[in-house]
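Please look over the sequence and the three-dimensional model below before reading on. The report is written for a reader who is new to protein structure.

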Amino acid sequence: MGKVMIIGAGGVGTVVANKVAQNRDVFTDIMLASRTKSKCDAIAEDVKQRTGVMIQTAKVDADNVAELVRLLNDFKPELVINVALPYQDLTIMDACLECGVNYLDTANYEPKDEAKYAYKWQWDYRERFEKAGLTAILGCGFDPGVTSIFTAYAARHHFDEMHYLDIVDCNAGDHGKAFATNFNPEINIREVTQKGKYWENGEWVETEPHEIHKPLTYPDIGPKESYVIFHEELESLVKNFPTLKRARFWMTFGQEYLTHLRVIQNIGMARIDEVEYNGQKIVPIQFLKAVLPDPGELGENYTGQTSIGCRIRGIKDGKEQTYYIYNNCSHQEAYKETGAQGVSYTTGVPATIGAIMFMKGLWNKPGVFNVEEFDPDPFMEQLNQQGLPWHELFDVDLEF
Ligand code: NDP
């Protein structure tokens with residue numbers, strides 16, 4: 001059906017490259033471009049071994065709009081799947097506008113010098129994408145992404161009014177390392193060390209980092225201590241589903257992980273400003289990334305599974321209804337299929353499905369949209385087909 005360019009050759013890029021290649025009926029020509037071309041070449045070789053599909057590769061600095069424009073004009077894709085870092089969202093959107101290319105990403109923009117992610121920067125592109133007749137699909141990973149689509153699906157099929165939404169994200173995997181992050185360490189540590197924030201009665205309530213926590217029971221896993229943190233999909237979900245009285249995001253953390261995190265913060269290694277070292281300026285968190293395990297390399301010995309879903313309370317046919325929709329994903333299965341662990345897999349598969357939705361004409365409308373603004377049904381069908389089956393529970397104890 002069309003040409004696609006993937007930007008970013010990390011853990012998520014590896015999964016997207018594999019899944020796009022598995023859907024050859026939809027994606028006729030594939031290019032993988034990133035800062036380090038050798039990483040693209042290694043992924044392309046691996047994909048060829050697994051699927052027989054050839055992927056073109058290129059080097060690009062996605063912070064540089066002119067460089068992006070040259071590459072886009074040369075390859076002429078219909079869609080860019082941006083799985084580089086959130087810092088590159090705006091430059092890639094600028095280049096897409098200049099070249100008439102549609103856009104999809106999995107994480108909202110975040111300025112490098114401030115650990116503060118928000119949609120406002122990308123929502124400001126709405127008019128420009130509308131005028132250009134181009135589609136931008138924001139936040140099409142698992143969370144944000146599938147969690148937002150689960151919410152849209154619940155609103156359409158199971159509730160007249162949703163009142164309470166709790167997104168619950170459990171990683172019950174074991175990678176055997178003393179400390180490692182499951183996706184880009186810089187982005188991950190910036191996210192989880194922020195203050196907590198949730199929506200209640202029309203306003204944001206701020207908490208100290210990890211202040212609110214309780215054990216929650218996850219299907220096939222059991223109870224795990226879970227912490228309220230701010231997560232980007234809450235910002236768009238409370239706008240798009242205004243009947244929500246409360247919306248929170250819970251993530252599991254092990255004690256060891258939290259202890260390491262506290263030490264990292266206390267000794268200044270989570271700092272995002274420049275410090276002078278041996279006559280050179282370095283950013284501590286970037287240096288830390290260089291010494292931590294590469295999330296892309298965790299897959300081989302990763303055991304256990306992730307469980308991510310939405311627990312919703314609301315009204316259906318005049319009666320209170322509780323509903324839990326979730327997916328469990330095995331790290332080992334993900335690794336066998338794509339060479340990447342479960343967290344990269346649960347992000348890369350939805351990004352590919354979003355691209356399939358666009359290519360099939362099911363999700364294209366001019367403008368900039370969060371995923372819950374599109375029809376959830378064909379996406380939900382694809383989740384079952386592309387490796388992330390979901391399950392529903394009704395009238396359950398939501399534990400809240
Ligand atoms: P990685 O750090 O493994 O990969 C990022 C890739 O982007 C690397 O290949 C890196 O290049 C490349 N890159 C970075 N800067 C540039 C640049 N200026 N120009 C070109 N390429 C660049 O990250 P992940 O694969 O773990 O994550 C990818 C994205 O997915 C992130 O934005 C992350 O926030 C998001 N994510 C979303 C989730 C969701 O559920 N919605 C969950 C997990 C992640 P190099 O190899 O040279 O370093």
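What follows describes the domains, the surroundings of the ligand, three pairs of packed helices and two details of the backbone.

The model is a predicted one, and the text should be read with that in mind. A domain assignment divides the protein into domain 1, which covers residues 2–138, and domain 2, which is made up of residues 146–339 together with residues 388–394. The C-alpha centres of these two domains lie 24 Å apart, and the contact that joins them takes 14 residues from domain 1 and 13 residues from domain 2. On the side of domain 1 that touches domain 2, the element that gives the most is helix α1, with four residues. Sorted by class, that side of domain 1 has seven nonpolar, five polar and two charged residues.

Where does the ligand lie with respect to the two domains? Because domain 1 and domain 2 both give residues to the shell around the ligand, the ligand lies between them. The shell counts 34 residues, and the closest of these are G10, V12, A62, G141 and F183. Two elements, α1 and α13 (342–359), each give two or more residues to this shell. By class, the residues around the ligand are 15 nonpolar, 14 polar and five charged. Helix α1 therefore appears in two settings, since it gives residues to the shell around the ligand and also to the side of domain 1 that touches domain 2.

The next topic is the packing of helices, and the table sets out the angle and the distance between the axes for three pairs.

| Helix pair | Angle between axes | Distance between axes |
|---|---|---|
| α1 (residues 11–22) and α2 (residues 37–51) | about 35 degrees | 10 Å |
| α7 (residues 146–157) and α14 (residues 376–386) | about 125 degrees | 9 Å |
| α8 (residues 185–192) and α11 (residues 284–291) | roughly 125 degrees | within 9 Å |

In the pair of α1 and α2, the crossing is right-handed. The residues of α1 that take part are G13, T14, A17, N18, A21 and Q22, and they meet I43, V47, R50 and T51 in α2. This contact of α1 with α2 has four nonpolar, five polar and one charged residues.

For α7 and α14, the angle of about 125 degrees makes the two helices oblique to each other, and their crossing is left-handed. Here V146, I149, A152, Y153 and R156 in α7 meet P376, F379, M380 and L383 in α14. By class, the contact has eight nonpolar residues, no polar residues and one charged residue.

Helices α8 and α11 are likewise oblique to each other, but α8 passes α11 in a right-handed crossing. On the α8 side the residues are P185, E186 and I189, which meet I285, Q286, L288 and K289 in α11. The contact of α8 with α11 has four nonpolar, one polar and two charged residues.

Two details of the backbone remain, and they are best read against a general background. Most residues other than glycine have a negative phi, and most peptide bonds are trans. Which kind of peptide bond, cis or trans, joins D143 and P144? The bond between D143 and P144 is cis, with omega at about 5 degrees, and P144 lies in the loop between β6 (135–138) and α7. The other detail concerns K76, a residue other than glycine whose phi is positive, near 55 degrees. K76 has its place in the loop between α3 (65–75) and β4 (79–82).

Methods: Residues are numbered from 1 along each chain as its sequence is written. This is a predicted model: local features need pLDDT of at least 70, side-chain atom pairs count only at pLDDT 80 or more; totals for chains, interfaces and linings use all residues. Axes are lines fitted to C-alpha atoms, for helices over the stretch in contact, and angles run from 0 to 180 degrees between N-to-C directions. A crossing is left-handed if the near helix is turned anticlockwise from the far one by less than a right angle, and right-handed if clockwise. Two residues are in contact if their C-beta atoms, placed from the backbone, lie within 7 Å. Ala, Val, Leu, Ile, Met, Phe, Trp, Tyr, Cys and Pro count as nonpolar, Asp, Glu, Lys and Arg as charged, and the others, Gly among them, as polar. Angles under 35 degrees count as roughly parallel, over 145 as roughly antiparallel, 65 to 115 as roughly perpendicular and the rest as oblique. A residue is near a molecule or strand if its C-beta atom, placed from the backbone, lies within 6 Å of it. Domain bounds come from an automatic or database domain assignment.
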